[in-house]
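Reader: I would like a close look at the empty space inside this protein. Please take me through it step by step.

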Amino acid sequence: MKKVIAMVLAAMMVVSLAACASKPATTATEAPAAEQKLLDKPLVFKVSFVENPDTAMGTVMPAAFKKAQEACNNEIQFEIYPSASLGNEADVMEQISNGAPIIGVAGYDDMSATVPACVPLAVPYVFESIEEVCNFAKSDYFEGLRQQMVASGYVPMCSGSLGIRHFISTYPITCADDIKGHIIRMGNANPCQSYITVLGGTPIVTAWADNYSMLQTGAIDGCEAAVDTLYSSSLQEVCSNLCLSGHLCTPFMFVTSPENWAKIPAEYQKKITECLTEGTIELAKQLDKESPDYIQKFKDAGLTVCEDPDLESFKKVIPEVYDYLGVDRAEYDKIREAIKSVM
């Protein structure tokens, strides 16, 4: 009997050892992936943009930030604030520069106030398509700009386009001469305002939410934005004309301060950049897909749509705009060469 018991115990030990050998070895430093943490506590960023939730920006980019948050194991968290609920772009840029944990939208027009090298990029018709805007971020020219933006207090996290901008107005616009003598609402950046001035119009800066009432009362004669933004703002109710001028492809970047960006581990920085870049590509595709539908909506609303304006008349003044801004005309050629190098 003793021999039998001994044989059973020996067999049990063999089975036990075999089971242990089949399990992967773990060490104290190899915690399960779900338990790995790079931060003591999550970092929370507020994400601000002026577009409404029902625009392409309002649907595509929040999804991209959600994907980025998940890629960072929810250790970097993003709260979305659309419709300028944290203020307009200038207000948000100031908050970022003051150290607030905010991610905001900035175009070359916004950045031109602090980075002079961005001025020539903010002039209308420098970019001829959304694709050019997105690809430009791969160029050496952009990398030089990026370094200057960081030095000025803003880290570009991704780069893309908010759509092609057109003029909507209470009177017909078919060529550049039609701007003369009229008040046109533009963004607060000097390059865009200067363009209207060179065309003989009067640029004015207003809060976007005020455009409806100002167009309705005649305080302004027109304004400009991408068609989804124009339509979602109900400006078709107070305007009679849409001119497909395509004067700006609306380059934009999501930016935050270098100090707050540095708090994010490099591994997460990479994941955030990748997710947001994918988002900007999807945004560009959606804007391109939706544009004809919005143009039809304007027609259905009774607006006269100028689909074939005299674009040459709008473009030929660009050298004069560069002169007005004190920018070397040769800079335009350098930008176009940089664009072509990455297309």
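How much space lies in the second largest cavity, and what surrounds it?

Author: The model is a predicted one. The second largest cavity holds about 30 Å³ of space. Its lining is made up of Glu51, Met57, Leu162, Asp228, Thr229 and Leu287. Sorted by character, the lining of this second largest cavity has three nonpolar residues, one polar and two charged.

A search of the whole structure for cavities of 30 Å³ or more returns two. The largest cavity contains about 40 Å³ of space. Around this largest cavity stand Ser48, Phe49, Val50, Gly87, Asn88, Glu89, Val92, Gly104 and Val105. Helix α3 (89-97) and strand β3 (102-106) each contribute at least two residues to that lining. The lining of the largest cavity splits into four nonpolar, four polar and one charged residue.

Next come the pockets. The largest pocket has a volume of about 830 Å³. Its lining takes in 40 residues, and those nearest the centre are Val50, Glu89, Arg165, Arg185 and Trp208. Val50 and Glu89 also line the largest cavity. At least two lining residues of the largest pocket come from each of α3, β3, α4 (108-111), β8 (222-226), α9 (227-232) and β10 (251-256). By character, the lining of the largest pocket divides into 21 nonpolar, 12 polar and seven charged residues.

The packed parts can be set beside these spaces. As a general matter, nonpolar side chains in soluble globular proteins tend to be buried together. The largest nonpolar core here has 50 residues, and within this core Tyr108 and Phe136 touch the most other members. Beyond its neighbours within four places in sequence, Tyr108 makes contact with Cys118, Leu121, Ala122, Phe127, Phe136, Phe142, Leu145, Ser159, Pro251 and Met253. Another core lies apart from the largest one and has 33 residues, including Ala56, Ile76, Ile130 and Leu276.

Two polar residues in helices are also covered. Asn260 sits in helix α10 (residues 258-262). Asn260 counts as buried because its relative accessibility is 4%, and the cut-off for buried is under 20%. Leaving out neighbours within four places in sequence, the contacts of Asn260 are Phe45, Gly99, Ala100 and Pro101. Gly99 is 161 residues away from Asn260 along the chain, yet their C-alpha atoms are separated by 7.4 Å.

Gln193 belongs to helix α7 (residues 190-198). With a relative accessible area of 19%, Gln193 is therefore buried as well, under that same 20% limit. Not counting residues up to four places away in sequence, Gln193 touches Gly187, Asn188, Pro203 and Val205.

The totals for the protein give the setting. The protein has 14 helices and 11 strands. Of its 343 residues, 48% count as buried. Among contacts with a separation of 6 or more, 76% join residues 24 or more positions apart. The accessible surface of the protein is about 16,700 Å², and carbon and sulfur atoms account for 54% of that area.

Methods:
Residues numbered from 1 in each chain as written. Predicted model: local features only at pLDDT ≥ 70, side-chain atom pairs only at ≥ 80, totals over all residues. Heavy atoms only, no water. 1 Å grid on protein atoms, 1.4 Å probe; cavity = no way out; pocket = protein on both sides within 12 Å on 5 of 7 lines; lining within 4 Å. Points joined across faces, edges and corners; volume = space filled by probe spheres on them. Helix = DSSP H or I, 4+ residues; strand = E, 2+ residues; numbered from the N terminus. Nonpolar A, V, L, I, M, F, W, Y, C, P; charged D, E, K, R; others polar. Core = buried A, V, L, I, M, F, W, Y, C linked by side-chain atoms within 4.5 Å. Buried < 20%, exposed > 50% of the residue type's maximum accessible area, 1.4 Å probe, protein only. Contact = heavy atoms within 4.5 Å. Areas by Shrake-Rupley, 256 points an atom, 1.4 Å probe, with all protein chains shown as cover.
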